[in-house]
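Good morning, and thank you for the time. I should like to take you through one structure, beginning with a helix packing and ending with the confidence scores.

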Amino acid sequence: MNKSPSVAKYPVSWQALFSLLMYFFMYLPILVLAFYSFNKSRYSANWEGFTLDWYQKLFNDTRIIAALQNSLIVAFCAVGISAVIGTLMAVGLARYRFPGRTLYMGISYLPLIIPDIAIAVATLVFLAVIQVRLSLWTIVAAHVVFCLAYVGVVVSTRLADLDPHLEEAALDLGATPAQAFIKVLLPQLMPGIISGCLLAFVLSLDDFLIASFTAGSGANTLPMEIFSRIRTGVKPDINALSVVLMVVSGVVAFLAEFLRYRSTQKSYK
Amino acid sequence: MPVSTQISSRSTTPAPPAKSKLASIFDRLAEPLIFLGPAGIWLLLLLVLPTLIIFELSLVPDIRPGQVVNPSGFDNFCRAFGFEQCLPSKFDPTFLQVMKRTLFFAGGSTIACLVLGFPVAYWIAVMSPKQWRNLLLLGFVLPLWTSSLLRSYAWITILRPSGVINSFLQPALNPLLSILNWLIDSCNSFPISFNIPFLLPHLPLLPWNLLNDWPAVLIGMSYSYLPYMVLILYSSLEKLDRRLLEASADLGANPAQTFWKVTVPQTMPGIVAGSLLVLIIGVGDFIDPELLGGASSMTISRLIYNQFLGATQNWGFGSALSMVLILAVSIAIALLLKFGDRNAAR
């Protein structure tokens, strides 16, 4: 390895120091929440001793547990539906040329960019017009729209890296189109599908706006519960909840990135 | 590869038996319909149709008791831009100010992300050890995966009067601020010729109430979007041709000249893509202004929220504001597609 002269001259560059500072900035809020979650003091930032009380309180809080349950139901259903129809969509868009294809593609990517609030408003108004009673299932229906977009994007990137001849070879060797799809294409797409699903899952768990517009009374999701608690003041058990959720989503994020990393490694070999 | 094309052309399979015209059309459509039908119907029902409905609803004028209904239809839009009932004489800039503030928050956090994010992306993409780059990038964007509500909430605990900044920095900062204030005082008490350029105000001693005003919103938003900016700048800087940097240095340019004349032009598509993306997310942000900004930081998405779930209950006006937001974002996307690096935007 030959290093560029600037690196050799300044072993610690200002960019490295600045980056270190920014890493600290990125993790500061998380560290702060962790610090508070073990602090006995209810209101001040001064250390008044170690305690696990807030965690105990959190796990005995039935409203939080119920909201978490609702969030998980919504996320699993929305991601499950979008995994199936999103994969079909990505394959279909790659395979067929038809009039209106660009429009279809554009519409399917819209939820990635259109602000959540606009999607939330539109869905609420639509549900009011067709007079569907708001419930957990209306949240699922609304979440599928953006989960679909994320699954679609990740799967089509994966699809673009694949060798199209493998499926054709399967067809030539006597497989039916359905067999070729299930036995040849799907396994190759799996890493993309899974990492798209993980991304969609995290985003569904994180969504506050769309859920609060499309949820009926009594169908609170976790972000809605957290939002209403934050608005009524700072509560130490929310700190404990943050730490638990951040550890869990950190693990999920690591898993998703690891899967993507491994799949790109494979495709370049 | 001629061999594989021959194999894949399937010339050996026997011709399918002749079918009626209708059946063959159905056959040709069946497969694409299986693939594209379900998602298409879902998107049509829950994205396209709802958007058309809110457009229609946005044309419904606000009917309140004692108010003349103007039949023009674009009342709600006029109101959003300050003209009550589309009459230029009745100008009310309240909502225009909300839009300006929204743009200020989005633009401010975009600039902050660009200034803070560029050195980080440059360091990870160009200067850090090659085998660590993926891990370093993952480490930087990992907080993005955690709940955005909770990250804003964390900034409340940092910025509030009894929060982290005030509690931890008070002993360190207050003596420093006192010294600075003494220096400012002595500067300001110099003769007039010296005084004019140094009309410095007193610096406030801690505790500060940083919450519930625009600085808190800008801090929270910049924090939320920094990972997006770094991700996009990274993928742009990764492609930087480093031989050009060396060539520039060999030809006598100093680091600043190399940066402005070689690095920046090469990464311009990434800079444009990152900035527009952050701008788009920032314009639609609800959580940061709502939780950190207080009553003085009304933005367009908070205003829309209030029209639907708040006390106001004016769906027509809320729909019009949503249409304005969608339109603004569409313009930004059009710019992104025209000037930005499409690959970097992914």
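At what angle do helix 2 of chain A and helix 6 of chain B pack, and how far apart are their axes? In this predicted model, helix 2 (residues 14-37) of chain A meets helix 6 (residues 148-159) of chain B at an angle of about 75°, and their axes lie 9 Å apart. Because angles of 65 to 115 degrees count as roughly perpendicular, helix 2 of chain A is described as roughly perpendicular to helix 6 of chain B. On the chain A side, the contributing residues include A:Phe25, A:Leu28 and A:Tyr36; on the chain B side, they include B:Tyr153, B:Trp155 and B:Ile158. By class, the residues of this contact are eleven nonpolar, one polar and no charged.

Let me turn to the nonpolar cores. The largest has 148 residues, among which A:Phe208 and A:Phe213 touch the most other members. Helix 4 (residues 94-127) of chain B supplies the largest share of this core, with 14 residues. Beyond its neighbours within four places in sequence, A:Phe213 contacts residues of chain A, including A:Ile117 and A:Leu134, as well as B:Tyr305, B:Phe308 and B:Leu309. A second core, separate from this one, has nine residues, among them B:Ile232 and B:Leu336.

Finally, confidence. The predictor assigns the complex an ipTM of 0.83 and a pTM of 0.81. The mean pLDDT of chain B is 78, and 79% of its residues score at least 70. Among the elements of chain B, helix 9 (residues 214-237) has the highest mean, 91, and helix 1 (residues 2-8) the lowest, 41. Residues 1-13 of chain B have a pLDDT below 50; beyond near neighbours in sequence, that stretch makes six contacts in the model.

Methods:
Residues are numbered from 1 along each chain as its sequence is written. Chains are lettered from A and ligands numbered from 1 in the order in which they are written. This is a predicted model: local features need pLDDT of at least 70, side-chain atom pairs count only at pLDDT 80 or more; totals for chains, interfaces and linings use all residues. Side-chain values use heavy atoms; hydrogens and water are left out. A nonpolar core is a set of buried Ala, Val, Leu, Ile, Met, Phe, Trp, Tyr and Cys residues joined through side-chain atoms within 4.5 Å. Buried means under 20% relative accessible area, exposed over 50%, partly exposed in between (1.4 Å probe, protein chains only). Helices (H or I, at least four residues) and strands (E, at least two) are DSSP runs, numbered from the N terminus. Contact means heavy atoms within 4.5 Å. pLDDT is the predictor's confidence in each residue, from 0 to 100. Axes are lines fitted to C-alpha atoms, for helices over the stretch in contact, and angles run from 0 to 180 degrees between N-to-C directions. Angles under 35 degrees count as roughly parallel, over 145 as roughly antiparallel, 65 to 115 as roughly perpendicular and the rest as oblique. Ala, Val, Leu, Ile, Met, Phe, Trp, Tyr, Cys and Pro count as nonpolar, Asp, Glu, Lys and Arg as charged, and the others, Gly among them, as polar.
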